[in-house]
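Work through the exercises below with the sequence and model at hand. Each task is followed by a stepwise solution.

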Amino acid sequence: MNLKKNEIYETTVTGMTTEGSGVGRVNDTAVFISNSAIGDVLKTRIIKTSKNYAIGRTEEIIIPSPDRVNPDCKYFVQCGGCTYRHISYDAELQIKYQRVEDAVTRIGGFRNLKINPIVSCENRCFYRNKAQLPFGKDNHSNTIMGFYAYHSHRIIDSDCCLLQPPVFSEISRIVRDWAVRNNVSVYDEILHRGLLRHLYIRIAEVTGEIMVCLVINGKSVPYKNELIDRLKYVNGFKSLQLNVNTQKTNVILGKECIKLYGSDYITDILCGLKFNISPLSFYQVNRTQAEKLYSIAENYAKLSNDDILLDLYCGTGTIGLSMAKKVKKLIGVEIIPQAIENAKKNAALNGIDNAEFICADAAKATVKLEKQGIKPDVVILDPPRKGCDKSLIETVVKMTPDKVVYVSCDSATMARDISIFNELGYKPTEITPVDMFPATPHVETVVLMSRPLTEHEKYGEYFMNRSVSDIMSEYSEQHDEWH
């Protein structure tokens, strides 16, 4: 029976999608229901139908899931920032672990691959060190600022976010009041008019330094001195920047930044290293969990001071630089020129002189390095969500590193890629999921892959692990048997 739009059906939620919607079934049709929990028995109104699935909205919770908790955020139902504020953290971690396990078995085809318990986050709230808040107008032409509703560009006006430190709320109130008081225009996406597009805030967790950036459809803002004077009362305020974005685009940041006050950057400490963060610099959103992630990657790599470490998709160099002092040489590869410049500056800032950074496509760079005879002992891969091209994987395998450490932000593409590695001889031996973004559906993973030993290496390892007397004893026993 086909489901009818606007009709109400009873269903039990038995699973979750990768985006965090509950999955129920009605007459063998999958129904996706947001803000539901595994174990919920619901009356669900169908709001969209297609050939293979339907989308529903909860009309009544008949029997609540044992995982349910009362959401601690008043904006949760409307806002698209969080997915799991209505279930316990233990339940959220189980969903994320299951997502990794399902990807490894169903997509990767692995049955007995070791998956360690997920590394949880100590702080489910206030962990984000970056905020990007769009400006807009409500139906009464009042200036609003907040977060987009789920899968839309409709702004949910809000004055706080539990994922961000409280000081961000203080800053957003100051900026909003300044904009309203001085009648500063806000951007209209349809008409492409108005000045203020986004409020962009960054904080360095260890040093406490704060950067405030206004993304604008123009080159300047009025009453800037008034805004600066008010922001000076914020503890840690170090920089006010403008980011120029005059394009008709959904991309938040433009390429040009103009300093209005203070420093060009803020400085944070990650894995004992200093990193200067400008408006356009990449930096891990959850610094504390990033340190855990990098620690796992380093433990997997088991580096020595004779090793060459190749860091592909290196960004601003954070992963590789955190390990640089333990290897003979670090080679980082990234296609974004500004990221490479930042990586070089970060190396110099920390007195690291054994690092080389190459601005190139990862696949092309590995081919070039392979032709130059450069043989890395360990390769770290941290690709974008789409994963790696097969050609890149093939070239990495040709380099015959001892280990490949794969850091992934998407379980599905990770499972696909490690399956290709496995076919080419690099066996995944261990996976550790890391919860970098609590209350959201995202989960990171770190995978260790090792190449099989050659016969020559097997013999070498055999003799290295035995004493001379043991070898002579074994030889004598075999000699006696032969005679």
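**Exercise 1: Cysteines**

A search of the whole structure finds zero disulfides, a disulfide being a pair of cysteine sulfur atoms within 2.5 Å. The model is predicted, so local features need pLDDT of at least 70 and side-chain atom pairs pLDDT 80 or more, while totals for chains, interfaces and linings use all residues. Residues are numbered from 1 along each chain as its sequence is written, and side-chain values use heavy atoms, without hydrogens and water.

Task: Explain why Cys161 has no bond to the closest cysteine sulfur.

Solution. Step 1: the closest cysteine sulfur to that of Cys161 belongs to Cys82. Step 2: the distance is 5.9 Å, which is too far for a bond. Step 3: Cys161 counts as buried at 16% relative accessibility (buried is under 20% relative accessible area, exposed over 50%, partly exposed in between; 1.4 Å probe, protein chains only).

Step 4: Cys409 is also in no disulfide, with the sulfur of Cys388, the nearest, 11 Å away. Cys409 counts as buried, at 18% relative accessibility.

**Exercise 2: The sheet**

Task: Give the strand order of the open sheet of six strands, and find its edges.

Solution. Step 1: the order is 1-5-6-4-3-2, with mixed pairing. Strands are DSSP runs (E, at least two residues), numbered from the N terminus, and two strands pair if DSSP finds at least two bridges between them. Step 2: strand 1 (8-12) and strand 2 (15-16) are the edge strands, each pairing on one side only. Step 3: strand 5 (residues 41-49) pairs with strand 6 (residues 53-63) in the antiparallel sense over eight bridges. Step 4: opposite Val41 stands Ile63 in strand 6.

Definitions and conventions:
Helix = DSSP H or I, 4+ residues; strand = E, 2+ residues; numbered from the N terminus.
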